[in-house]
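The following text walks through a protein model, starting from annotated positions and moving to a pocket and some of the contacts around it.

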Amino acid sequence: MDLFEHPAVAGAHAAALRSIAREVTETVGPQPPAVAREGILGMLRAGEVLVLTGAGVSTASGIPDYRGPEGSWRKHRPMTYQEFRHDPAARHRYWARSFVGWRHIDRAQPNLAHRELAGLEAAGRLAGVVTQNVDGLHAAAGTRSLVALHGDLDRVICLACGAVEGRSNLDERLAQANPGYLEAAAMDPAAVNPDGDVELDRAWVERFRMVGCLMCGSVELKPDVVYFGEGVPAARKERATAMLASASSLLVLGSSLAVMSGYRFVLDAVREGKPVGIVNQGPTRGDGRAHWRWREDVGEALASLARHL
């Protein structure tokens, strides 16, 4: 179908494109590192800190970010939900690329930042962690009170019947349907995009064979993640909101807060009179509302904080 023949779909797609293209620029500069660190230490000493994480937490695990200093946003545009849902050719292209790129994401291991956060939770400092990442690394590191706001690449859902399948199982079926494909379509790990796919020539996309849902046979399968142009499931949003309501403060780690689903936590925390701290290597959308702004690698910052607690 032509997306732009349907006003509602076209409008949602256009809004998603605006969100994708949003550039976060400097508005309020960072504080001296020692000042910001002491402020965030005060939050952690008080306890019940809700942590909101973004892609900057996982870059040290080899997963690229989108808007960071080395981000992919200028050279790669993620697919919108409207394209994935309503354009079979775009969906097929995604799965061909993702079949090649996903195993790089699947092999990623938790890094210092994930481990330090799990340690802070075990020490009773946190009210929980809400992550915008879809890589599953917080859970792998041992974080227990966790909301994966945008879902998890490890699951696949059928858009036709709602059946859920593990991504590893789907990957095995795709490998059987495409013998020799992975070996022939060798790729540079540096070419993997934040959503787990890679650039492939058109000939490779056309050669790829998609498999169907185990329950109904439909090829309308989708990673169980929230795309640009798609809303966060209500139950997940409610759980994250409840975690913020019970928290004493909010600590943002490794996120530019360009997307409203993350930025709204800053807005809500400020409205509720709760301190906000941000640790990120670049500017964020929430800088003007944060009490503490620390420009630092997230893993190094968390290790420093842990040493001073």
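Which backbone oxygen does the side chain of His150 reach at 3.2 Å? In this predicted model, that oxygen belongs to Gln132. His150 itself sits in the loop that runs between β3 (146-148) and β4. An unreviewed UniProt entry gives His150 the annotation "active site". The relative accessibility of His150 is 11%, so the residue counts as buried, the cut-off being under 20%. Leaving aside residues up to four places away in sequence, His150 touches Thr131, Gln132, Val134, Asp224, Val225, Val226, Val232, Arg236 and Ser261.

Gln132 and Val134, both touched by His150, also appear in a second annotation. The unreviewed UniProt entry places the feature "binding site" at Gln132, Asn133, Val134, Asp135, Gly254, Ser255, Ser256, Asn280, Gln281, Gly282 and Val298. From this set, Val134 and Asp135 belong to the lining of the second largest pocket.

That second largest pocket holds about 190 Å³ of space. Its lining consists of 14 residues, and those nearest the pocket centre are Ile105, Asp106, Asp135, Gly136 and Asp154. Two or more lining residues come from each of α4 (88-106), α6 (137-141) and β4 (151-158). By residue class, the lining of this pocket has eight nonpolar, two polar and four charged members.

Asp135 links the pocket to the annotated set, being named both among the residues nearest the pocket centre and in the "binding site" feature. Its position is the loop between β2 (126-131) and α6. With a relative accessibility of 17%, Asp135 is classed as buried, because the class takes in values under 20%. Beyond residues up to four places away in sequence, Asp135 touches Ser58 and Ile63. With Ser58 there is also a polar contact, side chain to side chain, at 2.7 Å.

Helix α4, one of the elements that give two or more residues to the pocket lining, also contains Arg93. What is the exposure class of Arg93 at 31% relative accessibility? Arg93 counts as partly exposed, since that class lies between the limits of 20% and 50%. Its contacts, not counting residues up to four places away in sequence, are with Met79 and Val205. Arg93 and Met210 are 117 residues apart along the chain, and their C-alpha atoms are separated by 9.9 Å.

Another annotated position is Gly282, one of the "binding site" residues. Gly282 lies in the loop between β8 (276-279) and β9 (292-294) and has a relative accessible area of 14%, so it is buried. The backbone oxygen of Gly282 is reached by the side chain of Arg295 at 3.3 Å.

Arg295 is located in the loop between β9 and α12 (298-308). At a relative accessible area of 24%, Arg295 is partly exposed. With residues up to four places away in sequence left out, it touches Glu26, Val28, Pro30, Asn280, Gln281, Gly282, Pro283 and Asp287. Among these, Asn280, Gln281 and Gly282 are also named in the "binding site" feature. The contact with Glu26 includes a polar one between the two side chains, at 2.8 Å. Arg295 and Val279, 16 residues apart in sequence, have their C-alpha atoms 5.8 Å apart in space.

Methods:
Residues numbered from 1 in each chain as written. Predicted model: local features only at pLDDT ≥ 70, side-chain atom pairs only at ≥ 80, totals over all residues. Heavy atoms only, no water. 1 Å grid on protein atoms, 1.4 Å probe; cavity = no way out; pocket = protein on both sides within 12 Å on 5 of 7 lines; lining within 4 Å. Points joined across faces, edges and corners; volume = space filled by probe spheres on them. Helix = DSSP H or I, 4+ residues; strand = E, 2+ residues; numbered from the N terminus. Nonpolar A, V, L, I, M, F, W, Y, C, P; charged D, E, K, R; others polar. UniProt positions renumbered as here; feature names shortened; annotations may be inferred. Buried < 20%, exposed > 50% of the residue type's maximum accessible area, 1.4 Å probe, protein only. Contact = heavy atoms within 4.5 Å. Polar contact = N/O pair within 3.5 Å; in protein donor to acceptor, adjacent residues only side chain to side chain.
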